[in-house]
Amino acid sequence: MSIGEAIRAFFTSAGPGGMVVITVIGLAATVYFLLTRWILRGGEQNEEERRRFK
């Protein structure tokens, strides 16, 4: 079994490969949600966050 076949078998299996795919999709959805919320707020931070990072 070549490396390519092993990688393909990992991602097409229902067990660990499926968990990796679900995790990546979940992280992408979370980043999309947080970035969308940040953009809609105008990229502004509240005053408490500004004081914490200065």
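This text walks through the structure from its overall layout to the residues around Phe-11.

The model is a predicted one. The protein has 3 helices and 0 strands. Read from the N terminus, its elements follow the order α-α-α. The protein counts 54 residues, and buried residues are 4% of them. Its accessible surface is about 5,000 Å². Carbon and sulfur atoms account for 67% of that surface.

Start with the helices. Helix H1 covers residues 3-12, and helix H2 covers residues 16-40. H2 is 25 residues in length. From its first C-alpha to its last, H2 reaches 36 Å. That is close to the 36 Å expected at 1.5 Å a residue. Just after H2 comes Gly-42, which takes a positive phi of about 85°.

Now turn to the surface. Which residues make the nonpolar surface patch? They are Ile-3, Ile-7, Phe-10, Phe-11, Val-20, Val-21, Val-24 and Ile-25. Together these residues make a patch of about 700 Å². Helix H1 and helix H2 each supply at least two residues of the patch. In general, an α-helix has 3.6 residues a turn, so residues three or four places apart point the same way.

Next come the aromatic rings. The structure holds 1 aromatic pair. Phe-10 and Phe-11 form this pair, and its geometry is edge-to-face. The ring centres are 5.1 Å apart, and the planes meet at 85°. The pair counts as edge-to-face because the angle of 85° is over 60 degrees. Are these two residues buried, exposed or partly exposed? Phe-10 is partly exposed, with a relative accessible area of 33%. Phe-11 is also partly exposed, at 42% relative accessibility. Both count as partly exposed because 33% and 42% fall between the 20% limit for buried and the 50% limit for exposed.

Finally, look at Phe-11 on its own. Phe-11 lies in helix H1. What does Phe-11 touch, leaving aside residues up to four places away in sequence? The answer is Gly-17, Val-20 and Val-21. Take Val-21 as one of these contacts. Phe-11 and Val-21 are 10 residues apart along the chain. Their C-alpha atoms are separated by 7.5 Å. Phe-11, Val-20 and Val-21 are also among the residues of the nonpolar patch. Phe-11 thus appears in the aromatic pair, in the patch and in contacts with Gly-17, Val-20 and Val-21.

Definitions and conventions
Residues numbered from 1 in each chain as written. Predicted model: local features only at pLDDT ≥ 70, side-chain atom pairs only at ≥ 80, totals over all residues. Heavy atoms only, no water. Helix = DSSP H or I, 4+ residues; strand = E, 2+ residues; numbered from the N terminus. Buried < 20%, exposed > 50% of the residue type's maximum accessible area, 1.4 Å probe, protein only. Areas by Shrake-Rupley, 256 points an atom, 1.4 Å probe, with all protein chains shown as cover. Phe/Tyr/Trp six-rings, centres within 6.5 Å; stacked < 30°, edge-to-face > 60°. Patch = residues over 30% accessible without salt bridge, like charges linked within 9 Å, V, L, I, M, F, W, Y side chains within 5 Å. Salt bridge = Lys/Arg side-chain N within 4 Å of Asp/Glu carboxyl O. Expected span 1.5 Å × (residues − 1). Contact = heavy atoms within 4.5 Å.
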